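Got your viewer open? Load the model below and keep the selection box handy; we'll go stop by stop.

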Amino acid sequence: MAGGVRALKGQLTGRRRAPAEIPEVEELPGGVRTYSPGTGVGSPLAPPLRVTPTEDGLTGPCVLGIANAGLPGYGHGGISATLLDELMDRACAATGNPGMTIARNMRYRNPVPLETPLRVFARLTRTEARKIFVNGSIHHRRGVLRPPGGRRRHLHRAGPGRRPHPLSRSPRHNVR
C-alpha cells in the first residue's frame with residue numbers, strides 16, 4: 001500500500017509553476033481567472049459570481065457567505081473592493097482595453113449584508129491616452145451599497161517607450 005501511495009504522490013506533485021507564470025487554466029486578459037481571490041472557482045474565499053455582459057458593461061449576481069464576513073452579518077470591505085476590482089478589470093478587457101490599476105477611489109455608503117442576493121455592475125466610462133476610467137457598484141434589493149460615483153478605477157495601458165504588460169509576452173494571449 002505504501003508503494004501505491006508513493007506512486008500516486010509522484011503523479012500529483014508534478015512541476016510547480018513560477019509565481020509569474022500564467023496557469024494553463026487562466027484565460028487572460030479579461031477572461032476566466034480560476035485562482036482569483038475575488039471571483040475564481042479555484043479560490044475557497046471567492047463568492048460565486050456569474051459575469052454576463054449588459055448593453056453598457058458587465059454585471060454579476062452573487063451572495064457573500066460566512067467566509068466573506070467582516071462585522072457580524074456583513075461582508076468585509078476588502079471583499080467588496082475585490083469584487084469591484086475584478087469586475088471592473090473584466091469590463092476593461094471586454095472593451096479591448098486591458099490594463100492594470102493605477103488608482104482607485106471607493107466610497108462605502110452602506111454595509112454589504114451576508115447571505116443576501118447582490119448584483120455587481122461595472123462599465124467603462126471613458127479613455128484618455130493611456131488611462132481608462134471605469135465605474136462599478138454593488139446593489140441589493142434596498143438600493144445601492146457601493147455607489148457608482150464613488151468608485152473610479154484608472155488603468156494604464158502600455159504606450160510608446162513603456163514596457164509592455166507581462167501578459168503580452170505570452171504566446172497564448174494577445175494583449176494590445
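**Stop 1: the cysteines**

Go looking for disulfides and the count comes to zero, where a disulfide is a pair of cysteine sulfur atoms within 2.5 Å. Before moving on, know that this is a predicted model, where local features need pLDDT of at least 70 and side-chain atom pairs count only at pLDDT 80 or more, while totals for chains, interfaces and linings use all residues. Residues are numbered from 1 along each chain as its sequence is written, and side-chain values use heavy atoms, leaving out hydrogens and water.

Now select cysteine 62: it is buried, at a relative accessible area of 4%. (Buried means under 20% relative accessible area, exposed over 50%, and partly exposed in between, with a 1.4 Å probe and protein chains only.) Cysteine 92 is buried as well, with a relative accessible area of 0%.

**Stop 2: the whole chain**

Zoom out and colour by secondary structure. You should find two helices and seven strands; these are DSSP runs, helices being H or I with at least four residues and strands E with at least two, numbered from the N terminus. Trace the chain from the N terminus and the elements run α-β-β-α-β-β-β-β-β.

Switch on a surface: about 10,700 Å² is exposed, and carbon and sulfur atoms supply 55% of that. Those areas come from the Shrake-Rupley method with a 1.4 Å probe; for residues, only the protein chains shown count as cover. Of the 176 residues, 39% count as buried.

If you like contact maps, take the contacts (heavy atoms within 4.5 Å) with a separation of 6 or more: residues 24 or more positions apart account for 59% of them.

**Stop 3: the β4–β5 hairpin**

Select 118–128 for strand β4, then add β5; the two pair in the antiparallel sense over nine bridges. For the record, two strands pair if DSSP finds at least two bridges between them. To check the register, pick threonine 127, which stands opposite isoleucine 132 in β5.

How many residues of β5 are buried? Select 131–140 and you'll see that eight of its 10 residues are.

The hairpin has two residues between its strands. Click on alanine 129 in that loop: its phi is positive, about 55°, although it is not a glycine. Alanine 129 is also exposed, at 74% relative accessibility.

**Stop 4: one loop back**

Finally, step back to the loop between β3 (100–105) and β4, and select glutamate 115. Here is another non-glycine residue with a positive phi, near 50°. Glutamate 115 is exposed too, with a relative accessible area of 58%.
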